[in-house]
Amino acid sequence: DAKNEVTYRLVLDPRLQPPRFRSGGTTTAVKIPTSTKSHCAAIVSKVPESNKLVTSDGKKTMTIIYSHGNATDVGAMHPLQLILSNSLECNVVSYDYSGYGESGGVAMETNTYSDIKGVYEWTLKNVCDGDESRIVLYGQSVGSGPCCFLAKQVDGLGGMVLHSPFMSGMRVLTPSR
């Protein structure tokens with residue numbers, strides 16, 4: 001390309017960059033109690049009041065409960081959380097599973113189910129004014145397990161996104177791709 005005088009430049013869409021200053025938005029660290037008598041460490045990013053949406057049918061701002069993948073924690077996911085909140089104009093609650101980051105307890109499959117249930121109940125009460133239709137579950141990799149578990153139990157959820165769910169991880173571990 002250099003011979004043909006072709007040059008390349010990477011230009012990122014500004015919506016995909018963490019906002020430098022969120023006027024009126026808030027980011028709060030919380031500890032959410034779970035049924036295992038422990039707690040989940042979470043980061044809650046709320047959109048500024050001026051950005052909150054109310055549609056013609058009266059629906060208010062959506063909230064994503066983000067269940068991260070295995071090799072990360074809420075601290076590492078915080079920039080992505082801000083991007084999602086900023087570009088989608090929604091609230092985002094990202095939490096660490098038992099035994100991860102600052103969360104108490106032990107990393108076990110059954111504890112992840114208690115974790116997401118506790119985070120869901122806390123979010124419903126403290127962020128969504130009791131309206132479960134304003135909650136969207138987002139599960140990445142192993143986070144898809146807790147999301148599917150909860151979605152099976154709650155009929156009125158606003159939706160669910162599975163990002164590279166379990167099967168993608170199983171393909172890495174098995175020779176029969």
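1. Let's start with Ser 45 and the company it keeps. Setting aside residues within four places in sequence, Ser 45 is in contact with Thr 26, Thr 27, His 78, Gln 81, Leu 82, Ser 85, Cys 90, Asn 91 and Val 92. Keep in mind as you look around that this is a predicted model.

2. Where does Ser 45 sit? Look for it in strand β2, which covers residues 39–46. Is Ser 45 buried or exposed? Its relative accessibility is 0%, so it counts as buried; the cut-off for that label is under 20%.

3. Now check the side chain of Ser 45, because a polar contact needs a pair of N or O atoms within 3.5 Å. One such contact, of 3.5 Å, links it to the side chain of Thr 27. Another, of 3.4 Å, links the side chains of Ser 45 and Gln 81.

4. Zoom out to the sheet. What is the order of its strands? Six of them make an open sheet, running β1-β2-β4-β3-β5-β6, with mixed pairing. At the edges you'll find β1 (26–33) and β6 (159–163), each of which pairs on one side only. Going from one strand to the next, the twist averages 20 degrees.

5. For a pairing you can trace yourself, try β3 (residues 63–67) and β4 (residues 91–95): these strands run parallel and are joined by five bridges. Pick Tyr 66, and its bridge partner in β4 turns out to be Ser 94.

6. Next, the helices that pack on the sheet. Helix α1 (residues 74–88) touches β1, β2, β3, β4 and β5 (135–140), and its direction makes about 30 degrees with that of β2. Helix α3 (residues 144–153) also packs on the sheet, touching β3, β4, β5 and β6, and its direction makes about 145 degrees with that of β5.

7. Then there's the nonpolar interior. The largest nonpolar core has 23 residues, and the ones with the most contacts inside it are Ile 65, Tyr 95, Val 119, Tyr 120, Ile 135 and Leu 137. Two or more residues each come from β1, β2, β4, α2 (109–126), β5 and α3. Which element gives the largest share? That's α2, with five residues.

8. Finally, have a look at Ile 135. Not counting residues up to four places away in sequence, Ile 135 touches Met 62, Thr 63, Ile 65, Tyr 120, Thr 123, Leu 124, Cys 128, Leu 157, Gly 158 and Gly 159. Apart from the largest core lies another one, of eight residues, including Ile 64, Leu 84, Cys 90 and Val 136.

Conventions
Residues are numbered from 1 along each chain as its sequence is written. This is a predicted model: local features need pLDDT of at least 70, side-chain atom pairs count only at pLDDT 80 or more; totals for chains, interfaces and linings use all residues. Side-chain values use heavy atoms; hydrogens and water are left out. Helices (H or I, at least four residues) and strands (E, at least two) are DSSP runs, numbered from the N terminus. Buried means under 20% relative accessible area, exposed over 50%, partly exposed in between (1.4 Å probe, protein chains only). A polar contact is a pair of N or O atoms within 3.5 Å; within protein, one must be able to donate a hydrogen and the other to accept it, and residues adjacent in sequence count only if both atoms are side-chain atoms. Contact means heavy atoms within 4.5 Å. Two strands pair if DSSP finds at least two bridges between them. Axes are lines fitted to C-alpha atoms, for helices over the stretch in contact, and angles run from 0 to 180 degrees between N-to-C directions. A nonpolar core is a set of buried Ala, Val, Leu, Ile, Met, Phe, Trp, Tyr and Cys residues joined through side-chain atoms within 4.5 Å.
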